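User: I would like to go through this structure and ask, for each term used, what justifies it.

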Amino acid sequence: MNTRELTYVKAFNEGMHQIMAEDPDVFLIGEDVAGYGGVFHMFDGLLTAYGDKRVKDTPIAEQAIIGLGVGAAARGLRPVCDLMFMDFIGVAMDQIFNQAAKMKYMFGGAVSVPLTITTAGGAGMSAAAQHSQSLEAWLAHIPGLKVAMPASPYDAKGLIVGAIRDDNPVIVVLNKKMLGVKGPVPEELYAIPLGVANVVREGDDVTIVAIGRMVIEATKAAASLGELGISAEVIDPRTVQPLDIGTIVTSAKKTNRVLIVHEAVEFGGIGAEISSQVQESAFDYLDAPVTRLAAPFAPVPYAPILESAYVPDAARITAAARKLVERS
Amino acid sequence: MTETPAPSVTYGPPEGYAAGATRDLVVDLHRRMVRIRMFEESAGKLVESGDMPGFLHLYVGQEAVAAGVMSVLDDVDQITSTHRGHGHAIAKGAEFRPMFAELYGKTTGYCKGRGGSMHIVDMSRGMLGANAIVGGGIPIAIGAAFAAQYRGDGSVAASFFGDGATNIGAFHESVNMAAVWDLPVLFVCENNGYAEFTAQGNHMRLDDIAERANSYGIPGVVVDGMDALAVRAVAKIAVDRAKRGEGPTLIEAKTYRYFDHQGIKGMRIPYRDPAEVEAWKARDAIRLLEVIGVERGLATPEDFAATWAQTEAEIADAIEFARSSPDPDPADILDDVYTV
């Protein structure tokens, strides 16, 4: 494949263009997605390329945006419904967790809901408590939903295509602080299947499982740890539902130490689930308790000094991993 | 500058709406209503006796609304329903056997025993599902209408909901979006006067919910929900409008549920005046149609009696089918969580 350097948001945008060119059943609705191209420019050029029948600005009406997607998906189309900021998901939650997630099951398999919801999450931009959250655990808790969290330009393109081709409701959570991050992206259309983790870096001494933007911080930390003679393996689950626990457990059995890092609050976060499953499957291999590094149990604060203290970073990941290795 | 008159509420169908009624139409509407009534009364008794699990929100009293609207829809037209959804399913053509089997929680049910009373679905008939969240089906209906418009297939969607649901955000968001995009959808409010146990006067300031259409620039129409021919007439006008690409209509059918919010045991608390209940029963939709049919010489008492008898036999057959159907296997409990 021919590969170039693209930004995260440009890679996502290319995936949208290519999947819409491929499949006439794909359409996009959301607030300011058409004329403006989305507030993060995720959807630039789609209106011009595919017209106002397939790319539509909506009223500010999150329940109707998602509900329309549910009904259209149940009728066999492949809607992409944008919710702009992940925080707005609460407004649409009934349609997501009571309708989209459950239709297949409670109707005895009579209907599929190939709905994709796009949104942007994550902190680090002084956007404060209602524009910065990471709510993936909330969604991953609901049977019937899938949740993808791309952590590179390559994955931003591959996961949006994988989500749209998937026959289930999928929430694709872009990280708004990663929009300008560059990386290699093939020109061709490709899909990353949902539920396959990415071993970002191999190592022997400690496994760092990182979610979303924390993959970048964990990779930086792994470099620092290398200078200290500690070999860290970095795993990006890519999707938290379904969760590729097999790849994580295999790594845990090799390194005997596991650190989980995410931006979401620690209590009840996806790290708690990963930790529990690792100790259930690899207890005899562990040289130290499975450890989490995540946000404190508070809303995301505004002041830069507070927000820096709130979100894990490479320095804290390095320190936490060192502590795990030095413990045993 | 030309002024476009604001859409406004109309009251009832145009005069002479029943003039063109034929024997076939009267018998068809009657049959849809009788099927609902007998199914509901049988199901209610089976739950009350403990023979059948779950709990039921019975549609008895409101039959003319489902029958009238469904009589102008085809299988390709999609509907979304409510927690009180049996009537919509039956009027749309759902069969008794898989319906009773679903209520009994059997594998032969419409949802293989996964959904029960509040999630009856029949995709082959355009029944996109009953829905246990008040107002939850309204946004889904505009999605079905969007799909129809997107494909240009000429079908329409209809969403049924109660008076209580029109206080929910999902209603307002959906009607507005459907209006903005001229989606081919009927919003059918079955105003039975009560949001569960709370009277309309205690949950909104309006007498006529159809007035809410004015807020979104679409037509609203109030219709007697005990008169199946009248409901059919206004639904036909709304369907024709939707198919012309002119967008949605809000229909408010004034109707009444005879039983409680849930179950058949009657009023546990005196939230309705018994005289009010009797006054509505005196205008019973099925009897009204039987009287009209005979008075106009369109059908005979024997025609109607035959429907009652045939339906009774079908009910007995379906209950036996459901009882003797296999239970689901707990080993399959994870099936259909996802499409694989």
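Analyst: What follows sets values from this predicted model against the cut-offs behind the terms.

User: What makes chain A and chain B count as touching, and how many residues of each are in contact?

Analyst: Two residues are in contact if their C-beta atoms lie within 7 Å. By that rule 34 residues of chain A are in contact with 34 residues of chain B. On the chain A side, helix 3 (62-74), helix 4 (93-100) and helix 5 (103-106) each supply at least two residues. Helix 3 of chain A gives the most, with 9 residues. Sorted by class, the side of chain A that touches chain B has 16 nonpolar, 13 polar and 5 charged residues.

User: What makes helix 3 of chain A and helix 5 of chain B oblique to each other?

Analyst: Their axes cross at roughly 55 degrees and come within 6 Å. Angles under 35 degrees count as roughly parallel, and 65 to 115 as roughly perpendicular. The angle fits neither range, and therefore helix 3 of chain A and helix 5 of chain B are oblique. Their crossing is right-handed. Among the residues that make the contact are Gly67(A), Leu68(A) and Gly71(A) of helix 3 of chain A and Ile140(B), Gly143(B) and Ala144(B) of helix 5 of chain B. By class, this contact has 11 nonpolar, 5 polar and no charged residues.

User: Why is helix 9 of chain A also called oblique to helix 10 of chain A?

Analyst: The axes of helix 9 (residues 245-255) and helix 10 (residues 270-282) of chain A come within 10 Å and cross at roughly 60 degrees. That makes helix 9 of chain A oblique to helix 10 of chain A, because roughly perpendicular begins at 65 degrees. Helix 9 of chain A passes helix 10 of chain A in a right-handed crossing. Ile245(A), Ile248(A), Val249(A), Ala252(A) and Lys253(A) in helix 9 meet Ile274(A), Gln277(A), Val278(A), Ser281(A) and Ala282(A) in helix 10. The class count for this contact is 7 nonpolar, 2 polar and 1 charged residues.

User: How do you know that the length of helix 1 of chain B agrees with what its residues should span?

Analyst: Helix 1 of chain B (residues 23-48) has 26 residues, which should span 38 Å at 1.5 Å a residue. Its end C-alpha atoms are 37 Å apart, so the two values agree. The helix is followed by Gly50(B), whose phi is positive, near 90 degrees.

User: What does the check give for helix 7 of chain B, and which of its residues are buried?

Analyst: The 16 residues of helix 7 (residues 228-243) of chain B should span 22 Å, and its end C-alpha atoms are 22 Å apart, which agrees. Its buried residues include Ala228(B), Leu229(B), Val231(B), Arg232(B) and Ala233(B). What covers the buried residues of helix 7 of chain B includes helix 1, strand 4 (185-191) and helix 9 (285-295) of chain B. Just after helix 7, Gly245(B) takes a positive phi of about 85 degrees.

User: Why is Gln62(B) called buried?

Analyst: A residue is buried if 20 or more other C-beta atoms lie within 10 Å of its own. Gln62(B) has 28 such neighbours, so Gln62(B) counts as buried. Gln62(B) is found in the loop between helix 1 and helix 2 of chain B. Leaving out residues up to four places away in sequence, Gln62(B) touches Gly87(B), Glu190(B), Asn192(B), Gly225(B), Thr255(B) and Arg257(B).

User: What makes His41(A) and Glu196(B) partly exposed?

Analyst: A residue is exposed with 12 or fewer neighbours and buried with 20 or more. His41(A) has 15 other C-beta atoms within 10 Å, so His41(A) is partly exposed. Glu196(B) has 13, so Glu196(B) is partly exposed too. His41(A) lies in the loop between strand 2 (26-30) and helix 2 (46-50) of chain A, and Glu196(B) in the loop between strand 5 (194-195) and strand 6 (198-199) of chain B.

User: What is notable about phi in these two residues?

Analyst: Most residues other than glycine have a negative phi. Phi of His41(A) is positive, near 65 degrees, and phi of Glu196(B) is positive, near 55 degrees.

User: What makes the peptide bond from Gln241(A) to Pro242(A) cis?

Analyst: Its omega is near 0 degrees. Pro242(A) is in the loop between strand 12 (239-241) and helix 9 of chain A.

Conventions. Residues are numbered from 1 along each chain as its sequence is written. Chains are lettered from A and ligands numbered from 1 in the order in which they are written. This is a predicted model: local features need pLDDT of at least 70, side-chain atom pairs count only at pLDDT 80 or more; totals for chains, interfaces and linings use all residues. Helices (H or I, at least four residues) and strands (E, at least two) are DSSP runs, numbered from the N terminus. Ala, Val, Leu, Ile, Met, Phe, Trp, Tyr, Cys and Pro count as nonpolar, Asp, Glu, Lys and Arg as charged, and the others, Gly among them, as polar. The expected span of a helix is 1.5 Å times one less than its number of residues. Axes are lines fitted to C-alpha atoms, for helices over the stretch in contact, and angles run from 0 to 180 degrees between N-to-C directions. Angles under 35 degrees count as roughly parallel, over 145 as roughly antiparallel, 65 to 115 as roughly perpendicular and the rest as oblique. A crossing is left-handed if the near helix is turned anticlockwise from the far one by less than a right angle, and right-handed if clockwise.
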